[in-house]
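Hi,

Here is the structure I promised to pass on. Have a look at it first, and then read my notes below.

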Amino acid sequence: MRRLAASIAMALGAGAAAAAPMGFKGSVMAMGDFGPNWRESWANYAFTARDAIGAGGLYMRSDDEARTRTLVEVNYTRLLKRWNLEDAQANVWLFAGVGDIRGNDFAGSKLALAPGVQADYETTRVYLAATVRLYRAADLNHDFASVRAGFSFYEVDYEETQPWVVLEVRRMRGLSDKPEITPMLRLVHNRYFVELGVNSARQARANFMYIF
Amino acid sequence: MNHSSRFLMAVLLAGSAASAFASTSVKASVNGMVCAFCAQGIEKRLSKLPAAKAVYVDLKQKVVAVEVKEGQLLDPKTVTAEIVDAGYDVTKLETVDQSIAEIKAGMKVKK
């Protein structure tokens, strides 16, 4: 049953890759981040302009491919502060997740807590974001941090596709000994958001977001 | 009815006919609107308003406009509330006698 729940959660789509981790009031947002060592997916529902609740799944594998973790969680996202400027937007987000984590080097499952915070700043040409998320369970610490910076070569009209170049550096304690660096091509077209890249371990990555 | 009265009547009728078919839009300047993916909430929410005929979003000029259906009224405060619920701030709001096509054409000239 838990495996089924994990599969469903991962199929829904996922995470820290997002420009904004929730959609507008009344919307459902699905996100996914897929690579050999990291597969994350989740969906949430924004029940106010600042609050969303959702469910997700995360599969992690160590660099040496020896250890794996699978987390299924329910999570709450809160837009703590937003600055709507004339030519920019900045946000601070809070995350609170609770779930069930399993691993191939311990028996059974453990209760996991996953609080986090994200700060981002975006103009029509520049994007910056920093995310910290703690993944804690008894005898487990897989705290995660990422930094993203990107730019677009030109502005576009609302109906046009905008290409971005984004560089992400991320690291997870206890599973990866070195930071993962991934340059990505981001394409944004109205309701579609896709990122494709190859990380420093020469592994392909694909992220997406979609708002229903 | 003399000639001048008939002429005056014709002018008045023509004027009222023109105003009956004139398009009205609520036009807003919006802060924080930097990304099409994020701003789609504005379009979706405003498009659902019963009085909305068409919605226009201009990222470069930071303008959102809603054309009102003929014979219907759209309270500008409703437009503000929808944009705020989509996560943005309205800095200026006006009702203009223009269709979306006319507003769009005007924006293209500005660019």
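A quick word on terms before I start: helices and strands here are DSSP runs, numbered from the N terminus, with at least four residues for a helix and at least two for a strand. Please also keep in mind that this is a predicted model.

With that in hand, let me begin with one residue in chain A. Tyr135(A) sits in the loop between strand 8 (126–133) and strand 9 (136–137) of chain A. Is Tyr135(A) buried or exposed? It counts as buried, because it has 26 C-beta neighbours inside 10 Å, and the cut-off for that is 20 or more. Leaving out residues up to four places away in sequence, Tyr135(A) touches Leu71(A), Ala112(A), Ala114(A), His142(A), Asp143(A) and Phe144(A). Val28(A), on the other hand, is 107 residues away from Tyr135(A) in sequence and 24 Å away in space, C-alpha to C-alpha.

Now chain A as a whole. It has one helix and 15 strands. Its C-alpha trace spans about 55 × 40 × 25 Å along the principal axes. The radius of gyration is 17 Å, which agrees with the value near 17 Å that a compact globule of 212 residues would have. Of those 212 residues, 41% are buried. If you take the contacts in chain A between residues at least 6 apart in sequence, 45% of them join residues at least 24 apart.

On to chain B, which has four helices and four strands. From the N terminus on, they run α-β-α-β-β-α-β-α. Here 34% of the 111 residues count as buried. Among contacts in chain B between residues at least 6 apart in sequence, 69% join residues at least 24 apart.

Helix 3 (residues 76–85) of chain B is a nice one to click on. Val79(B), Glu82(B) and Ile83(B) are buried there. They cover an arc of only 100 degrees around the axis, so they lie on the same side of helix 3 of chain B. What do the buried residues of this helix pack against? Their partners in chain B are strand 1 (25–31), helix 2, strand 3 (63–68) and strand 4 (89–96). After helix 3 of chain B comes Gly87(B), with a positive phi near 105 degrees.

Ile83(B) turns up again in the largest nonpolar core, which has 48 residues. Along with Ile83(B), the residues with the most contacts inside that core are Ala39(B), Ile42(B), Val57(B), Val64(B) and Val66(B). Helix 2 (residues 36–47) of chain B gives the most to this core, with six residues. There is also a second, separate core of 13 residues, and it includes Trp38(A), Leu71(A), Val72(A) and Met172(A). Leu71(A) is also one of the residues that Tyr135(A) touches.

Val57(B) is worth a look too. Not counting neighbours within four places in sequence, Val57(B) is in contact with Ala39(B), Ile42(B), Glu43(B) and Val64(B), as well as with Tyr158(A) from the other chain.

That brings me to where the chains meet. 21 residues of chain B are in contact with 26 residues of chain A. Which element gives the most to the side of chain B that touches chain A? That would be helix 2 of chain B, with seven residues. By class, this side of chain B has 10 nonpolar, five polar and six charged residues.

Cheers

Methods
Residues numbered from 1 in each chain as written. Chains lettered and ligands numbered in written order. Predicted model: local features only at pLDDT ≥ 70, side-chain atom pairs only at ≥ 80, totals over all residues. Core = buried A, V, L, I, M, F, W, Y, C linked by C-beta atoms within 7 Å. Buried ≥ 20, exposed ≤ 12 C-beta atoms within 10 Å, placed from the backbone. Contact = placed C-beta atoms within 7 Å. Nonpolar A, V, L, I, M, F, W, Y, C, P; charged D, E, K, R; others polar. Rg over C-alpha atoms; globule rule 2.2 N^0.38 Å. Arc of directions from axis to C-beta.
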